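Trainee: I should like to learn how to read the features of a protein structure. May we work through an example together?

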Amino acid sequence: MSLLKISGLTKKFGKFTALDDVNMEVNEGEVFGFIGPNGAGKSTTIRVLLGILKATEGEVKIFGKDAWKDAVEIHKRIAYVPGDVNLWPNLSGGEVIDLFMKLRGGNHKDRRDELIQKFDLDPTKKCRTYSKGNRQKVALVAAFSLEADLYILDEPTSGLDPLMEKVFQECVLDAKKKGKSVLLSSHILSEVEKLCDRVGIIRQGEIIETGSLDELRHLTRTSLLVETKQPIANLKQLQGVHDIGEKEQALSFQVDTEELDNVMNHITSFGIVKLESAPPTLEDLFMRHYEGPGKAGGAS
Amino acid sequence: MAKSMYKNTGRLSRFNLRRDRIRIPVWLLSLAVLTFVVALAFTDLYETAEDRQGIAETMKNPAMEAMVGKGYGLDNYTYGAIMANQMLLFTAIAVAIMSILFVVRHTREDEEGGRIELIRSLPTGRLANLNATVIVVCGVNVLFALIVGLGLYALGIESMDLEGSLLYGAALGVTGVFFAMVAAVFAQALENSRGAVGLSFAVLGVSYLIRAAGDVGDGVLSWFSPLGWVLGTEVYVNNYWWPIVLTIAAATVLTVLAFYLNAIRDLGSGFIPAKPGRKHASALLRGPIGLSFRIQRTGLIAWAIGIYVIGASYGSIFGDLESFLEEVEMMQELINPVESASLTDQFIPMLMSIMAMISTVPVLMSVLKLVGEERKERTEHLLSRAVSRTRLLAGSFVIAIVTSFAMLSLAGTGLWSAGTVVVEDELGFGKIYGAAMVYLPAMWVMIGVAVLLIGFAPRFTGLVWAYLCYSFIVVYLGNLLKFPSWMANLSPYGHIPQLPVDNMDYMKVSVLTIIAVVLTIAGFIGYRKRDMY
């Protein structure tokens with residue numbers, strides 16, 4: 001069942017089209033990764049979801065309610081962490097966390113204190129003295145201290161150190177275990193790979209790819225490093241082979257995932273001495289989609 | 001080493017000018033044009049020497065002395081003397097405000113925003129930014145002094161000679177530089193820009209009060225205030241240049257102090273350390289209203305004290321006013337005598353209108369805080385939780401309304417508490433308090449305008465400040481300059497019944513309140529419909 005459903009969302013700022021016919025769904029109990037380069041429209045999409053921006057066209061539903069009209073009702077059940085956490089310089093971190101919790105309602109002091117400790121945050125410091133990472137911790141503690149059905153996280157770890165990133169990942173997995181849903185916009189692809197069930201890729205205001213990681217991996221290439229007894233003939237002529245390079249005695253190249261079988265059959269006949277293969281990473285996927293002006297998705 | 005501290009000052013100066021290429025000309029032109037218009041208006045209004053002598057009598061009034069300074073050259077009251085008496089002090093204050101805002105914006109505010117860090121990571125000197133700011137603010141003030149000085153001379157008004165005009169400009173320019181340096185010192189001492197602006201304004205306010213006390217008394221105290229030095233030049237009559245030298249000397253000392261403080265401190269730090277905060281939120285901090293109050297608390301308390309002090313200082317001259325009014329009967333121009341009212345009473349509406357407009361400043365600041373928060377992307381923390389836009393705006397609105405009550409009450413109470421001590425007859429608290437509170441509907445209209453702008457044109461909320469300035473000019477100077485009445489009618493303050501001289505006019509007050517309500521409702525509707533920043 002989808003908790004969050006965006007259909008045909010278009011958002012224009014004057015003449016500039018920030019989002020163009022975006023369709024997206026986040027299902028109950030899943031962690032959805034939302035990736036895309038800077039300025040692609042991730043934050044704009046999230047702000048429309050939060051009812052902070054009004055959609056020019058299209059329908060945005062969370063829990064079956066309209067994101068703009070029923071914003072307050074929806075917000076009672078979601079938790080949000082912005083990418084740029086701007087806080088009030090003269091309030092302490094502890095005060096801000098408490099305020100955010102009171103605004104949502106509910107009393108979870110134990111959870112709060114536990115998270116403050118886990119994230120190693122000093123809540124008595126004034127927000128003006130916090131670093132970016134510490135401001136993010138304030139927002140994360142406030143968000144995960146409460147029970148929410150949907151967590152909307154907009155690049156929440158961009159300022160955290162690896163230790164804290166691990167704490168964050170535990171929080172997300174914990175929420176997932178409880179059957180909660182998470183929309184995670186991120187640049188840290190290893191994090192998305194580790195946490196997310198499905199991903200959506202946005203570029204220039206358009207969703208260009210959605211699916212589970214496995215599904216998307218079909219769209220990409222596997223890197224191979226092969227050393228054979230006899231030189232491989234006609235490799236260039238084979239379909240789906242790219243970027244051939246020589247490394248000492250070995251050949252390195254990339255193979256489209258759907259052609260992998262054919263290519264392997266071909267090279268086996270030359271007597272394999274050594275074979276290394278690297279699975280396609282999300283990074284490869286990401287790079288292929290973002291490099292170059294055209295939609296690389298169609299070329300694979 | 002010494003030279004490398006200032007490396008790239010020139011480039012940064014040009015960059016500062018580039019950033020303020022609209023702001024600086026707007027300030028300079030509006031202040032210069034206002035000066036010229038008023039100067040020309042005096043020549044139309046007071047054509048004969050007799051007219052001018054009439055005005056000279058009003059200048060002997062302690063209320064006027066407290067407000068604009070001690071009159072001088074009253075025996076032969078020339079246009080130049082009138083101009084200097086009526087306009088010099090207020091223009092100097094405006095120039096001081098401009099300079100304070102400029103300096104803090106380019107020093108501590110940039111530092112707080114992390115922009116100085118970027119600049120400093122480039123091959124620029126440690127003191128280059130402060131140096132560039134000081135150079136530009138001095139340049140702007142010198143330019144303004146020349147524009148005003150040469151401009152006034154060019155108007156060719158009798159008695160406004162070249163030396164006097166240049167001195168008039170110079171007095172304004174050096175005051176601007178002095179307060180710029182006050183701000184430069186506070187920008188080093190305090191860790192946040194709001195504190196630096198606040199303390200600089202406090203120094204300006206205290207300077208005004210010390211001068212007021214001095215001018216009403218024997219005048220000695222006025223020499224302890226930089227604003228007293230401005231008036232000490234006695235422009236167009238005696239043309240003393242030494243107060244200019246005195247101000248420059250004082251400003252130089254402050255400049256050296258600011259550079260020294262900047263040189264010995266770490267980037268981002270100040271000299272007044274930040275206290276640790278609370279670990280948990282208090283019971284008050286539980287929603288938009290609590291938050292809105294919490295982040296404005298210090299500012300509001302400072303304003304409350306300030307407003308009370310202004311009220312009390314005006315009240316304290318009531319004794320002098322009384323004895324003065326017994327001697328002089330000619331009180332035209334500033335007030336239109338009403339037979340039934342006592343002479344002291346007739347000054348109450350004028351004092352109240354000024355205090356009401358000053359009290360409007362914190363009120364508008366608290367409504368507009370919401371837009372400031374939006375620009376800093378902090379409202380999204382609230383809107384992404386279970387807070388509706390209506391509730392958010394209502395929080396700011398309620399604080400503004402409460403502030404309007406509180407500030408006017410303090411103004412009225414201050415006036416009464418000091419006045420009742422010095423006046424022989426009984427000064428009724430109800431009378432004074434009523435005269436203050438009658439300005440509430442005008443303030444509400446201003447709140448309404450602010451809410452409307454927040455709802456529909458959040459980028460242009462500054463317009464409400466322009467409207468308040470306009471109101472101040474037409475209501476305060478309107479009588480003196482005999483502006484056509486429609487000009488005052490465009491301001492809500494122009495419609496307030498002049499209690500206790502006039503009778504209460506429930507009709508006008510109700511209409512203003514209704515206008516305020518309509519503007520507010522429209523603003524709320526707009527706010528619900530628009531995109532957040």
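Trainee: In which loop of chain B does B:P500 lie?

Mentor: Please bear in mind that this is a predicted model. B:P500 lies in the loop between α21 (485–489) and α22 of chain B. The peptide bond that joins B:L499 to B:P500 is cis, with an omega of about -5°.

Trainee: Where is B:Y236 placed in chain B?

Mentor: B:Y236 is found in the loop between α11 (226–232) and α12 (242–264) of chain B. Although B:Y236 is not a glycine, its phi is positive, at about 70°.

Trainee: Let us turn to the interface. How much area is buried between chain B and chain A?

Mentor: The size of an interface is often given as the accessible area lost when the parts come together. Here, about 3600 Å² is buried between chain B and chain A, and carbon and sulfur atoms give 55% of that area. B:E380, B:H381 and B:R385 supply 19% of the area that chain B buries against chain A, more than any other three residues. The contact involves 39 residues from chain A and 41 residues from chain B.

Trainee: How many salt bridges does the rule find across the interface of chain B and chain A?

Mentor: Side chains of opposite charge can pair when their charged atoms come close. Across the interface of chain B and chain A, the rule finds four salt bridges. In a salt bridge between the two chains, the side chain of B:R294 meets that of A:E95, at 3.2 Å from N to O. The interface of chain B and chain A also has 22 residue pairs in polar contact, both residues being at pLDDT 80 or more.

Trainee: Which helices of chain B each supply at least two residues of the side that touches chain A?

Mentor: They are α13 (288–316), α16 (379–383), α17 (389–422) and α22 (506–529) of chain B. By class, the side of chain B that touches chain A has 20 charged, 13 nonpolar and eight polar residues.

Trainee: How many salt bridges does the rule count over all chains?

Mentor: The count over all chains comes to 33 salt bridges. One pair to examine is A:R77 with A:D149, whose closest N and O atoms are 2.7 Å apart. A:R77 lies in the loop between α2 (71–75) and β6 (78–81) of chain A, and A:D149 in the loop between α5 (132–144) and β7 (150–154) of chain A, so this pair ties together parts that are 72 residues apart in sequence.

Trainee: I should now like to read a sheet. In what order do the four strands of the open sheet with β1 of chain A stand?

Mentor: Strands of a sheet pair through backbone hydrogen bonds, either parallel or antiparallel. In this open sheet of chain A the order is β2-β1-β4-β5, and the pairing is antiparallel. β2 (16–27) and β5 (65–66) of chain A stand at the edges with a single partner strand each, so one side of each has no neighbour in the sheet. Strand β1 (residues 2–13) of chain A is joined to β2(A) by eight bridges. The bridge partner of A:F13 in β2(A) is A:F16. Helix α1 (residues 42–49) of chain A lies across β1, β2 and β4 (57–62) of chain A, at about 115° to β1(A).

Trainee: Which are the edge strands of the open sheet β12-β13-β11-β14 of chain A?

Mentor: In that sheet, which has antiparallel pairing, the edge strands are β12 (241–247) and β14 (272–278) of chain A. Strand β11 (residues 221–228) of chain A is joined to β14(A) by six bridges. A:L225 stands opposite A:E276 in β14(A).

Note on methods. Residues are numbered from 1 along each chain as its sequence is written. Chains are lettered from A and ligands numbered from 1 in the order in which they are written. Side-chain values use heavy atoms; hydrogens and water are left out. Contact means heavy atoms within 4.5 Å. Buried area is the accessible area (1.4 Å probe) that two parts lose on being put together, summed over both. A polar contact is a pair of N or O atoms within 3.5 Å; within protein, one must be able to donate a hydrogen and the other to accept it, and residues adjacent in sequence count only if both atoms are side-chain atoms. Ala, Val, Leu, Ile, Met, Phe, Trp, Tyr, Cys and Pro count as nonpolar, Asp, Glu, Lys and Arg as charged, and the others, Gly among them, as polar. Two strands pair if DSSP finds at least two bridges between them. Axes are lines fitted to C-alpha atoms, for helices over the stretch in contact, and angles run from 0 to 180 degrees between N-to-C directions.
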